[in-house]
Amino acid sequence: MLMAENRTIPHARQELRWLIQKFGSNNSATLFRACLERNRHVPLQYILGSQPFGMLDIKCKEGVLIPRWETEEWCLNLTDSIKRSKLINSGASNWKIMDLCTGSGCIPLTMINETKNLFSNQTRLYVDALDYSPIAIDLSKLNFKTNFDNKVALSQNFNVSFNIQKCNILNEPEIIQYLGKYKEKRKINILTCNPPYIPHHEFIKDVRSSVRMYEPKLALIGNLEFYKNLNDLWVGKNLIDSFVYEIGTLEQALYVQNNLPSSWISGITLDSNNKARCIFGYNKEANIDYSKIFNHFKQTAKVYASIANSDVTK
Amino acid sequence: MIRTIHRSISATAIRAVKRNHLPPRSKFTEQMETECTEVFIHGGSGAGGQKINKTNSKVQLKHIPSGIVVTSQITRSRDQNRKDARERMAYELQKLDIDNGSGEAPRDVALRQLKQQNKKAKSKKSSKKYQLHKEVNDQLKHEQDLQDQEILRKLLNG
Ligand SMILES: C[S@@+](CC[C@H](N)C(=O)[O-])C[C@H]1O[C@@H](n2cnc3c(N)ncnc32)[C@H](O)[C@@H]1O
């Protein structure tokens, strides 16, 4: 039954083990139903209710994208690079990280979890997460609660604040209004985003049935709109110092690179399956030396070769 | 049934380990990290990113100087599997290092001695159940496999 979603018998057996861990082997009716759902291509994480992401356990619900290993990989590379840069301990100014298209909240929650120890009395971390889907907003709130406030009481023990907001990112006036509410800390140090990036014509052709049938299209289908929004709004209106965006096609990354102002340094990184996975960039004229973060970020991932060269010649 | 017995054994063993101050489990050092290459087995060159939702993640660690390869895919967590692979590698490397002829890590030597001591104290039958840490795990896994197969068979027939 599990072979519908698993290519090999060991994989199927392993999944069965996880299902048994969750539902027990005594109540065979529940287990049977779970296997049946799996046979109908329901994602395992919707059946089990969660997906591990870094050190966190991220709850998953239908209607919200399940976090991918590629995202986990770059996100941990980024937090590792932030920690190694020593930029936070040295400067006394507050930090702000914003995650767009946050979905389950896996990215900002990992950013908090990995860097919370760096923030002390004098330095505060503000983390903002935006999404347009009400189900995603609810789930990211739940994930914040289960991973932090039910456990470590974040606001009491660390100098970190987290804020989730329903917002249409492609609606510029809405964003400007939202940002206008901030008095203390306006400039965003790092903007992260894993936008819907599967072009329409590839959706039927390339997307696995489990994804196509059960994960939300709002989270998957898109092409250049979010990358254009990055250039026009976030970089264009000087709202951010640096960014990391996940990409699905090289075209999306090149679009961003070709439209950045000359004071911006950028690069494309590969994931460990050798696919172009992220475009990052930072303003070299910013108050903080972001090369300390991104030079390391480049090393932890492999860099898309021809771009790396053009980066050096800039 | 068998499973719970094994659990209680390993729990006792752990307590014994603490009580007797055995050498600690081998540690994965920074140097080992630089001497290793890590490969994630993602199943080829097909779709990636948002297009596919993988449920397993296999980590393979190779120690270049010695050629030792370990893999881990026991949990759904990639992070956890990476840590597990490093623990195993550290264990293998320590075993390699020890020049006591038997290729045993100090922890294992101590565990074996502890086991022998317990043998004297206990009846022959129950002391046989004492196994080295690693063996217990292997056996547990094997039994789970058998159990899984049994359930799988039941499900397929019914
Ligand atoms: C690919 S998912 C990423 C989810 C999560 N960040 C992750 O990496 O697993 C994209 C997310 O963007 C959201 N989204 C799509 N269009 C949006 C828009 N115009 N404004 C805000 N969020 C949007 C979707 O609801 C979805 O949660």
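## Overall make-up of chain A

Chain A of this predicted model contains 15 helices and 10 strands. An automatic or database assignment divides chain A into domain 1, covering residues 2–40, and domain 2, covering residues 51–312. Between the C-alpha centres of domain 1 of chain A and domain 2 of chain A there is a distance of 33 Å.

The C-alpha trace of chain A spans about 60 × 45 × 35 Å along its principal axes. For 314 residues, a compact globule would be expected to have a radius of gyration near 20 Å, and the value for chain A, 20 Å, agrees with this. Of these 314 residues, 56% count as buried, while the surface that chain A exposes comes to about 13,400 Å², with carbon and sulfur atoms supplying 49% of it. When contacts in chain A between residues at least 6 apart in sequence are considered, 70% of them join residues at least 24 apart.

## Chain B

The secondary structure of chain B consists of six helices and three strands, and these follow one another along the sequence in the pattern α-α-β-β-β-α-α-α-α. In this pattern the three strands come one after another, with two helices ahead of them and four helices behind them.

Chain B has 158 residues, of which 37% count as buried. About 9,700 Å² of chain B is exposed, and carbon and sulfur atoms supply 52% of that area. Among the contacts in chain B with a sequence separation of 6 or more, 49% are between residues 24 or more positions apart.

## The nonpolar cores

In soluble globular proteins, nonpolar side chains tend to be buried together. The largest nonpolar core in this model has 41 residues, and those with the most contacts inside it are L78(A), W95(A), I293(A) and F294(A). Helix α6 of chain A, which runs over residues 106–115, gives the most to this core, with five residues. Apart from this core lies another, of 39 residues, which includes L100(A), L191(A), Y197(A) and V211(A).

L78(A) offers a way to look into the largest core, as one of the residues with the most contacts inside it. Leaving out residues up to four places away in sequence, L78(A) touches M111(A), I190(A), T192(A), V244(A), I293(A), F294(A) and F297(A). Two of these partners, I293(A) and F294(A), are themselves named among the residues with the most contacts inside the core.

## Three residues of helix α4

Helix α4 of chain A, residues 69–85, contains D80(A), and T71(A) and N77(A) are found in this helix as well. T71(A) is buried, because its relative accessible area of 1% falls under the 20% limit. The side chain of T71(A) makes a polar contact with the side chain of N194(A) at 3.5 Å. Neighbours within four places in sequence aside, T71(A) is in contact with F53(A), I107(A), N194(A) and E246(A).

N77(A) also counts as buried, with a relative accessible area of 16%, and beyond its neighbours up to four places away it touches F297(A), T300(A) and A301(A). D80(A), by contrast, has a relative accessible area of 26% and is therefore partly exposed. With residues up to four places away left out, D80(A) touches H296(A) and T300(A), so that T300(A) is a partner of both N77(A) and D80(A). D80(A) and R68(A) are separated by 12 residues in sequence, and their C-alpha atoms lie 18 Å apart in space.

## Two residues with positive phi

H41(A) is a residue other than glycine whose phi is positive, near 70°. This residue is placed in the loop between α2 (28–39) and α3 (44–48) of chain A. Its relative accessibility is 21%, and H41(A) therefore counts as partly exposed.

C101(A), which is likewise not a glycine, has a positive phi of about 55°. The loop that holds C101(A) runs between β3 (95–100) and α6 of chain A. With a relative accessibility of 14%, C101(A) counts as buried, since buried means under 20% relative accessible area.

Note on methods:
Residues numbered from 1 in each chain as written. Chains lettered and ligands numbered in written order. Predicted model: local features only at pLDDT ≥ 70, side-chain atom pairs only at ≥ 80, totals over all residues. Heavy atoms only, no water. Core = buried A, V, L, I, M, F, W, Y, C linked by side-chain atoms within 4.5 Å. Buried < 20%, exposed > 50% of the residue type's maximum accessible area, 1.4 Å probe, protein only. Contact = heavy atoms within 4.5 Å. Rg over C-alpha atoms; globule rule 2.2 N^0.38 Å. Areas by Shrake-Rupley, 256 points an atom, 1.4 Å probe, with all protein chains shown as cover. Polar contact = N/O pair within 3.5 Å; in protein donor to acceptor, adjacent residues only side chain to side chain.
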